[in-house]
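Grab a coffee and open the viewer: here are three short exercises on helix burial and packing. Try each one before reading its solution.

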Amino acid sequence: MMTILSDYLPAALVMVAVAIMIDLIVGDPRSLPHPVVLMGRVISGYERLWNRGSAKQRRVSGVVLTLILVGGVWSVGWLLLVVLARLHPGLALLAELWLLSTTLAIKGLGEAARAVIKPLTQSDLPGARKALGMIVGRDTQHLDEAEITRGTVETVAENTVDGITAPLFFALIGGAPLALAYKAVNTLDSMVGYKNQRYADFGFASAKLDDAANWIPARLTVLCLWLAGLILSISGVLHLRWKGALRGTCRDAPRHPSPNAGWPEAMVARLLGVQLGGTNYYQGVVSQRATLGEPLEVLQVKHITATVHLMHGAWLLFMLLAVVVIAGMSFIFKGLL
């Protein structure tokens, strides 16, 4: 068992590193089917069929959907790799690299942020609102520059976990099958994990499982964001308020309705010296969120750019932390053999 672990851990690290390179170069090409799109279609189909009846029936149906989708995605991923390995090990390797890359959104998240930055720098508020509307669920048609910036910064901060570090975390533990299973959990939460009349019961299990899956990655990401802020500040790349940011984040984050999303958002707010949270509108309905950080600076386009820098710094440091941990574990395992 120890021999397997000492060999698996470094190999997993290399495979994940190659998958990151694929994502950075290729991103999500529209010409190829994306696993998350397929998951979304399955969720939509079952939701239409099963999200009915009493509150208890809806909750039971939601539990069953969560088990079927998450377990099914892991099983299909594992079985696919086993079958391909029987045909040729190279086929399994290529398939796993591609599947791993589809769980990451490093390039896509950066592109989404730049799609908002470009019209903002040209004072094209309608264009910026449209670009923001592609990546958030809130109403964007009446937002000013500061609110457009806030929405973009919050989205990049939160999705640094959902789209990058959490998939990396599970990929390092269990390869493509486990990373895909995490994406199934995350996709379920994004589609049915809402506390409204339609989904409060049906999406209960999905929301709770997503909270559990992101608990450790969210807090590791906060540490990596803070370290990225420290390095970027010391190197002179950005002027960030890293002193006291950890303490401020620990104070702010629990006020967020999500047990995980508030942590990266609060850290980014503290590092930038801005205030996130506040009033959002969803299909005309007001949603009041607790504020995170302090409004030491007025939100503007430069803060989106800084958040993208922090996002890249965070995943790089996350991988560096993984290298250190895996190297230490491999050394321990080999020493025990």
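**Exercise 1.** Which residues of α10 are buried?

*Solution.* Keep in mind that this is a predicted model. Start with the cut-off: buried means under 20% relative accessible area. Now go along the helix, residues 262-272. The buried ones turn out to be Gly262, Trp263, Pro264, Glu265, Ala266, Met267, Val268, Ala269, Arg270, Leu271 and Leu272. That's eleven of eleven, leaving α10 mostly covered. Step just past the helix and you hit Gly273, with a positive phi near 75°.

**Exercise 2.** Describe how α7 and α10 pack, and say what the contact is made of.

*Solution.* First, the geometry: α7 (residues 145-192) meets α10 at an angle of about 130°, and the axes sit 8 Å apart. Angles over 145 degrees would be roughly antiparallel and 65 to 115 roughly perpendicular, so this pair counts as oblique. Next, the hand: the crossing is right-handed. Then the residues: α7 brings Val153, Glu154, Ala157, Glu158 and Val161, while α10 brings Pro264, Glu265, Val268 and Leu272. Finally, sort them by type: six are nonpolar, three are charged and none is polar.

**Exercise 3.** Where do the buried residues of α6 lie around its axis, and what do they pack against?

*Solution.* List them first: in α6 (residues 125-133), Ala128, Arg129, Ala131 and Leu132 are buried. Look down the axis and these residues fall within an arc of 165°, so they line one face of the helix. Flip to the other side and you find Pro126 and Lys130 exposed. As for partners, the buried residues pack against α5 (106-121) and α7.

Definitions and conventions. Residues are numbered from 1 along each chain as its sequence is written. This is a predicted model: local features need pLDDT of at least 70, side-chain atom pairs count only at pLDDT 80 or more; totals for chains, interfaces and linings use all residues. Side-chain values use heavy atoms; hydrogens and water are left out. Axes are lines fitted to C-alpha atoms, for helices over the stretch in contact, and angles run from 0 to 180 degrees between N-to-C directions. Helices (H or I, at least four residues) and strands (E, at least two) are DSSP runs, numbered from the N terminus. Angles under 35 degrees count as roughly parallel, over 145 as roughly antiparallel, 65 to 115 as roughly perpendicular and the rest as oblique. A crossing is left-handed if the near helix is turned anticlockwise from the far one by less than a right angle, and right-handed if clockwise. Contact means heavy atoms within 4.5 Å. Ala, Val, Leu, Ile, Met, Phe, Trp, Tyr, Cys and Pro count as nonpolar, Asp, Glu, Lys and Arg as charged, and the others, Gly among them, as polar. Buried means under 20% relative accessible area, exposed over 50%, partly exposed in between (1.4 Å probe, protein chains only). The arc is that of the directions from the helix axis to the C-beta atoms.
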